[in-house]
Amino acid sequence: MLNKPVFLDIFFSLLFKFELLNNLMPFSMEDMLFYDRMQFAFTITFHYLFPQLTMGLSLIIVYFKWKFLRTQLQSYNDAAKFWMRIFALNFAMGVVTGIPMEFQFGTNWAKFSELTGGIIGQTLAMEGMFSFFLESSFLGLFLFGEKLLGHKLHFLTGFLVFLGSWASGFLIIATHSWMQHPVGYEILSNGKFVLNNFGALFSNPWLLPSYLHNQLASMVTASFVIAAVGAFYILNKKHHSFGKLFVKTGVLFGLISSVLVAFPTGDWAAKNVVEYQPVTFAAMEGLFETQHGGAEIVLIGQPNVMEKKLDNKLAVPNILSFLTYKKWDATVKGLNEFNPEVYPTNIPGLYYAYHIMVGLGTLFIGIMAMAGVQLWRKKLYSSKWILWSLLFLLPFPYIANTTGWYTAELGRQPWLVYNLLRTSDGISPTVSSGNTLFTLLGFIGLYLLLGMLFLILVGKIINKGPLTSNT
Amino acid sequence: MELFWYIVLMSMLAIYVVLDGYDFGAGIIHLFFAKKEKDKKAITNAIGPFWDANEVWLIASGGILFFAFPTLYASSFSGFYLPLIMILWLLIFRAIGLELRGQIHNKLWEAVWDKAFGIASFLLALFFGIALGNVVRGVNLGMVENGVSAHEAHYFFLPLWNPTFSPTAEHLGIIDWFTILLGLLGAVTLTIHGANWIIFKTNSELNNKLKTVIFRLNIVLVSLVITSLVLWHIIAPKPFHNFMERPWLWVFPLLTLVGLFGLFGVRTYKKDGMGFVCSALFILGGFATTAASIFPKVLPSTNTVNPSLTIYNVAADEYGLSVGVYWFIVALILLIAYIFIQYRVFKGKMDDIGYGEH
C-alpha cells in the first residue's frame, strides 16, 4: 500500500536477506517516513476491524431491545443479550487498540500535531469529552445493569452507548474531513494552522457524505455478521429459531444499508473527490489520459505506471462520464493533466483499493437483493445456496470497509493536509527509524496475539449460542 | 486562556491518577497479596465496572493536551517515544488480563491473565512515577551538544537510560537514580491507594491484612518522600521558589502531609472510606505541589541554549482556546451527570454486584 515494498516484504527481508535493513541509510528521512506510515497503517487497519462492527451492531442491538419492548417476545431480548456479549468483546478490542491511535499523533507525527493541533485537537478533544465519557459511563450499566435498571432504562443505556459510538465516528470523520478538505483555518508565518471558524469544521462539505457513507458501511458489516451467524445456526441445525431471526434481521438491515452505502452516499463521497481532488479521482479510476467525448469505466485491469496505461483492461464506454457528470459525453480529466508532484504516491494501490471496494459493494447489493426476494417468497431459510453465500461472505464487508478507507487515505497522499502539508513534513523529527521499527514489530506481535485470542473467544460465544431465558 | 486550560488539564490528569491509580494499586495487591481465589475475585469485582471509565480520563486528558497545548503534546510524546509506547502495551496487557480472565474457566488460563494483569499494573505504577520524575528533572530540549541545537528548540528524544544512570549527566535517559526513586514512590503510593479502595469497596477477609500492609508501606512511603525532597534540591535549584512568591500555594504541600500522616491511622478509622480519602489527598496534593513547583514551566530545559517549555510557548491560538470553553462546559455538565448516575447505581460495597460473568 506504499511505494516501498509492501508489508510482507518487510517480514521476508527480515527473515531471509536483511537486504531492506542493510540498505537503510542511518537517519534517512525516507525510512523514518516509511516506518511511521507502516506503523500507523498497521495499527489503524487493525483497530478499525472492531469499531466498524460495534457502531452498526449497537444500532441493531437497540433495534432488538426496542422490538422486545414493543412485542414482549422474549426471543428479542435473548437476541439482544447474545449480541451484547459479542459487542462487549469487540468494544474492548476497539478501546485497547484505539488508545494507541491517539498517542501516535504525538509519538510518530509530532510535526503534524504541532502544526495542526489547534484545529484537529478541537475535534479529537471533543471526541474524548463527549463520546468516550458517554460510552464508558453507560457501557457498564448496559452490560451488567439489566436486572438493576429494568428493561426500559436498560434500553435507554443501550441507546446512549449507540449514540456515543456514532458521535465518536462523527468527530473522527470531522477530523478526517479537515485533512481531506481543510476549511476554517489560516496559516501563520511559522507554518502553524490556526482555527478562525469553529462552525466550518462541521459544515465542511466533505463531512456529511463521508460520515453517512462510513456509518452505512459499518451497518453493512454488522448486517453481514448477523446474517452469517444466523446462516451458521440454520445450516448447523442449532439454535434454529435464533438462526432465522438473525438471518432475517441481517438481510433486512443488509439490503437497506448495502444500497444506501452505494447510492446516494458513495456517489456523494465520490463527487467530493471529483470536485476537490481531481487528480485522486483520475488515479482511482485508472485514467492515465484525459478522455474526451465520454469516459469509459474500468471494471478490471492492472495499472502499469511505467507505461502510463492499464494492462488487460476490461471497460464499459461512457459510463464514467455519466456517473460523474450525469452526461454521457462529459470529459473526465486523466492523470496527464496534473503535475506528477501531486500524484497520489501509490497509484496502483489506490486503484485496487477503490475497485475492490466498489466490486464488493456491488456484490453485496446483489446477494442481499436475492436474499430479500427469497425472504419475501418465504423461502429464505431453506435456500441453502443463499445461506452458504451469507456465511462465506462474512469477511468481505471487513475487506470492503478497509479498502474504502485505503482509498480515502492513499487518495490524500502525498499530503497530510490536502494541498497544504506534505506527509513527509509531518513526522516526528527526533524519532529514528530504528525506534519506530522496534515498536512496529512490537505492535505486530501484540496484535497477532490479540487477534488470535479474539477469534477464539468470539468462536466460543457463537458456538455456545444465545441462551434462552425462562422469565 | 492558557491558565484556564492548564488548570483543566492538570485537574483532569490528577483525577486520572487518583482513579486509575486505585485500579493499578488493586492490581499490585492482586499480584503480591491475594493468594486465595475468593480474595482475587473480590479485588477484580471492586474495580471491574470502573477501570474502563477510569482510563477514559487518560484519553480525554490526552485530547485536551493535544487541543490546548499542541507543541507540548508533539514535543513530549515524540521525545518520550519508547516509554509511551511501552505504557500503551502495558495498558493493553492489563486490559486483556482483566477482561479475558473470566472467559474460559481453566486454572492455567486464569493464572496467566492474573499475572499479566498484576505485573502490568505494577510496571504502569512504576512508569508513571518515572514519568513524573522526568518532567521534574527536565530534558535536553533541542538536543544541544557543545552549545549547538541538533533539532528545533522544542524537540528532543530520550533513550531509556544512559550508562551512568545520572540525572545530571549531559546525555540523559528516561531511567536514572532520581526518576527510579520517583517510580518507586509512585508504585508504593498506588499500592496503598489500591489497598484502600479494596477496603472501601469490599468486605473481603483480606481487608484486615491490608490495613497492616498499608501501615507498614506508609513508613516506606514517608522515607521515600523525605529522600526525594532532599534529592530534588540537587536536581532543581530552588524548588519552592513559587511557594515563597505565592504563599497560598502552601495549601498543596499541606494537603499532601495531611494525607500522608492520615494514612497511619488506617487501622483505627471507623469508616472504611477514610483511608481512601487520605491516599487520594496525598496523590492530589503531591501532584499539585509538583505542578506548582515548576509552574509556569511544563517541561524544563536542562541546557542554557533553549528555553523551557511553559504554558505560554506551547499553547494553541487564542480563538481556538476560547471557542473550546463553550463545548468544554457543555461536556463537563454532561460528565457530572454521568458520574452522578453511575455513583447512584454502583454505590456501596461491591460484593453483591457480580462482575465479569458475561
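Let me begin at the surface of chain A, where Leu153(A), Leu156(A), Phe159(A) and Leu163(A) make up a nonpolar patch with about 330 Å² of accessible area together. Please bear in mind throughout that this is a predicted model. Of these patch residues, Leu153(A) belongs to helix α8, which covers residues 151-180 of chain A. Leu153(A) has a relative accessible area of 45% and is therefore classed as partly exposed. A remark on helices in general: with 3.6 residues a turn, residues three or four places apart in an α-helix point the same way.

I turn next to another part of chain A, helix α3, residues 29-47, in which His47(A) lies. Is His47(A) buried or exposed? The relative accessibility of His47(A) is 15%, and because the cut-off for burial is under 20%, this residue counts as buried. Setting aside residues up to four places away in sequence, His47(A) touches Gly94(A), Thr97(A), Gly98(A) and Met101(A).

The last element of chain A that I wish to show is helix α17, residues 396-412. Its 17 residues reach 24 Å from the first C-alpha to the last, close to the 24 Å expected at 1.5 Å a residue. Buried residues in α17(A) include Pro397(A), Tyr398(A), Asn401(A), Thr407(A), Leu410(A) and Arg412(A).

Let us move to chain B, beginning with confidence. The average pLDDT of chain B is 89, and 97% of the residues score at least 70. Where in chain B is confidence lowest, and where is it highest? The lowest mean, 84, belongs to helix α2 (residues 37-47) of chain B, and the highest, 95, to helix α4 (residues 70-79) of chain B.

Two isoleucines of chain B deserve attention. Ile311(B) is found in the loop between β4 (309-310) and α12 (318-346) of chain B. With a relative accessibility of 1%, Ile311(B) counts as buried. Beyond its neighbours within four places in sequence, Ile311(B) is in contact with Glu2(B), Leu3(B), Tyr6(B), Phe69(B), Phe295(B), Pro296(B) and Val298(B). Asn208(B), by comparison, stands 103 residues from Ile311(B) in sequence, with 45 Å between their C-alpha atoms.

The second isoleucine, Ile119(B), sits in helix α6, residues 107-137 of chain B. Ile119(B) counts as partly exposed, at 42% relative accessibility. Between the C-alpha atoms of Ile119(B) and Val139(B) the separation is 28 Å, the two residues being 20 residues apart along the chain.

To close, I would set two residues side by side: Ile311(B) is buried, whereas Leu153(A) is partly exposed.

Methods. Residues numbered from 1 in each chain as written. Chains lettered and ligands numbered in written order. Predicted model: local features only at pLDDT ≥ 70, side-chain atom pairs only at ≥ 80, totals over all residues. Heavy atoms only, no water. pLDDT = per-residue confidence, 0-100. Helix = DSSP H or I, 4+ residues; strand = E, 2+ residues; numbered from the N terminus. Patch = residues over 30% accessible without salt bridge, like charges linked within 9 Å, V, L, I, M, F, W, Y side chains within 5 Å. Areas by Shrake-Rupley, 256 points an atom, 1.4 Å probe, with all protein chains shown as cover. Salt bridge = Lys/Arg side-chain N within 4 Å of Asp/Glu carboxyl O. Buried < 20%, exposed > 50% of the residue type's maximum accessible area, 1.4 Å probe, protein only. Expected span 1.5 Å × (residues − 1). Contact = heavy atoms within 4.5 Å.
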